[in-house]
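Me: Could you take me through the empty space inside this protein, with a close look at the largest pocket? I'd like to know what lines it and which parts of the chain supply that lining.

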Amino acid sequence: MQHTSKMFNQTKYKLRNTHTWRMWAIYMVLAANVSAEQALKQACPSCDDTQLCNCSSMGLDFIPPGLTGKITTLNLSHNRIKHIRSQDLQQAVNLRALLLQSNKISSIDEDSFRSLGKLELLDLSNNSLAHLSPAWFGHLFLLQHLHLQGNSYRDLGESSLFSSLRNLSSLHLGNSQFSTVRQGNFEGIELLDKLWIDGGNLSQYEPGSLKSIKKINHMIISLRRINVFSAIVRDLLHSVIWLEVRKIKLEVENKSLVQNSTLPFRIQKLTFKDALFIDEYISQVIVLLKEIISLQEFEAIDCVLEGKGIWDTKKIASSGQNFVETIKVINVMIMNFHLFMDLNGMESQINNVKSLTIVSSRVFMVSCKLAKHFSSLLYLDFHDNLIANNRLNETICENAWPSLQTLNLSQNSLKSLKQTADFITRLPKLINLDISENNFGEIPDVCEWPKTLKYLNLSSTQIPKLTTCIPPTLEVLDVSANNLREFGLQLPFLKELYLTKNQLKTLPGAAPVPNLVAMSVRRNKLNSFSKEEFESFKKMELLDASDNNFICSCEFLSFIHHQAGIAQVLVGWPDKYVCDSPLAVRGAQVGAVHFSLMECHRSMVVSLICVLVFLVILTLVVVGYKYHAVWYLRMTWAWLQAKRKPKRAPPKDICYDAFVSYSENDSDWVENIMVRELEQACPPFRLCLHKRDFVPGKWIVDNIIDSIEKSRKTLFVLSEHFVQSEWCKYELDFSHFRLFDENNDTAILVLLEPIQSKTIPKRFCKLRKIMNTKTYLEWPPGEEQQEIFWENLKGALKS
């Protein structure tokens, strides 16, 4: 038992030790990962938790550690990296693009790219690689784009570098020292979209080296040696579609380019760029190229032609038919262009040409004899040359260019629009004409044009206005950049109108162009356009009114915000539509500006406020009249004035025994009965009557207050007439403020007829209170009772 227990303890100790070591190992791995991630973040901050890791131009001389499977794009270009180690990219298993161009890489471990099975783009261009290894690319099964140009290798090795790159689509290789291409270098590649070889010093080309590639859509090769050019052309006759040759000097040999080659050929387009052509070899070049019967398009770009056009036209004509349909000559320098021959004898070689472009090559004319033989030509582009009106008569003579449909004479030396139109009338099938960027300056009232003309470009021709010289048959008209101030031509068939960079302040009228579908008024002086203007173009699908100085008025903004589908019609919306004024919104996008109701309808709001104020005042007047507000105000004013006076006049100022307040309807009783009874009594009472004792010219309120203050008592003669009288309202009730505010017994009420206190208006609140709380005298109908009435009244006046 003791031995068993000891063994158990030893086993337990070993297990604990093993567990400890495992935890320690996990900790070390995690610590290393954390340390590596920190190092990566420090070397390249943009790599933190993103799929795109941009470490370009950071002065790195090594690939930063800590790259993980999260990264799909790694840009290490323009650094100082010299060596790529096996472990540098081992963890970046999900890379799709690896950019290492413009470093100093001179060596790469053979299995450095082994883990990059998902890589699609690899750029190793412009480094210092002296040799290339097939092992680098052995596991890049999904690679589509490979850039190896600009290094220092002289050849591609003895075997194929690219045999495992079954998905390769574009390949760029070569450099200034690249000199040799061997058979087998391109084994394994069957289809390329683009192959670019920088072979300026390529001197050794083994025939058949490129034949293994079944199809190349576009091949660009820089060459100087004509023998290499001939060998490559022979290999590519059945594979390449577009061959572009650069920097070659065409001093060709008499050896056929299609020697021992079988039909059909695949090459359709041949381009020479930065090439040198010499008169003495031109004829042989044309003869050799004519052997490639599949060739349909020929281009010469940025080339130099030495000579005067003295070609062996008989040799060219006897070599057979020319199958090229498209010729493009762009920026070709002819040293003595003014001495260049008219190419007589070449007429038989141009019958099949359908498109001819000669641009920026100082062409000043084409001989009438040659022009007449372009029987199949549909498209002619003489843009940016030296053709003037006097030479245009020769270039477009009678029966020249008989099938021509499109003519571009823009940026030449044409001066007279009328002459130009007259010469162009000789082209009976012309549909499209571009004569822009010629300095016409004036436009006649009437011109003759081909009846088939549908497209006319007169932009940048300095014409000051538009006249009926413009043909009515047009479907497309461009008169941009002419400082035009208006447009009102009747063009019933016009579908597209371009008025960019003019001085228009409003949209053109829709009635003269009822079929307009698209219009550009960009960079004019438009301030706005209305809903009516916009909707008048019934068929409008596109309107470019961008880059104008819009006045963001309320009407314009209302139209913009509420017009359905305007965003689909306006080109460049909303970025190119900016407010110029008011100043508060200058620079803001039109679609983002919103004004308040007050800002947009100031006059209407002010008018509405005035109407509301008037209604309020009218309402107050009506309410005040109904509820006697004026009375209360006047009473308040009188009361305030009375408050400033002594509450009781001194005895010496008392002039009357009573101030009598009564209605005019009760004046007969007051003046004929009461006044006679009281003023003829013994002793007589002195009464104050407004008719008799008020001071003339004095304000009635002051008369009332003064009379009350100078009377010991105030005698109210109450009746139905009294409580309904307007005069009493403004006479008696002004006195109530002072009278009743003193809380004394100076008031004597005499009722000529029975009245209920509830019939007294509410404004006589204190009078109603007195009638409810104090005794008053009633005028009796009987004579005996009237005696008692007078005695009681006299007693009240004496009290």
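Reply: Happy to; here is a walk through the largest pocket, followed by a look at a cavity that shares one of its helices.

Please keep in mind that this is a predicted model. The largest pocket holds about 1200 Å³ of space. Its lining is made up of 39 residues, and those nearest the centre are W311, V329, F340, L343 and I358.

As for where the lining comes from, four elements each give at least two residues to the largest pocket: the helix α3 (279–290) and the strands β16 (297–301), β18 (326–330) and β20 (355–359). Of these, α3 provides the largest share, with five residues.

In chemical character, the lining of the largest pocket counts 32 nonpolar residues, alongside four polar and three charged ones.

Now to the enclosed space. Two cavities reach 30 Å³ or more, and the second largest cavity has a volume of about 30 Å³. Around that second largest cavity sit F229, L250, V252, L257, F272, V285, L288 and L289. Here again α3 gives the largest share of the lining, this time three residues. The eight residues that line the second largest cavity are nonpolar, with no polar and no charged residue among them.

So to put the two side by side: α3 is the leading contributor to the lining of the largest pocket, and α3 also leads in the lining of the second largest cavity.

Terms used. Residues numbered from 1 in each chain as written. Predicted model: local features only at pLDDT ≥ 70, side-chain atom pairs only at ≥ 80, totals over all residues. Heavy atoms only, no water. 1 Å grid on protein atoms, 1.4 Å probe; cavity = no way out; pocket = protein on both sides within 12 Å on 5 of 7 lines; lining within 4 Å. Points joined across faces, edges and corners; volume = space filled by probe spheres on them. Nonpolar A, V, L, I, M, F, W, Y, C, P; charged D, E, K, R; others polar.
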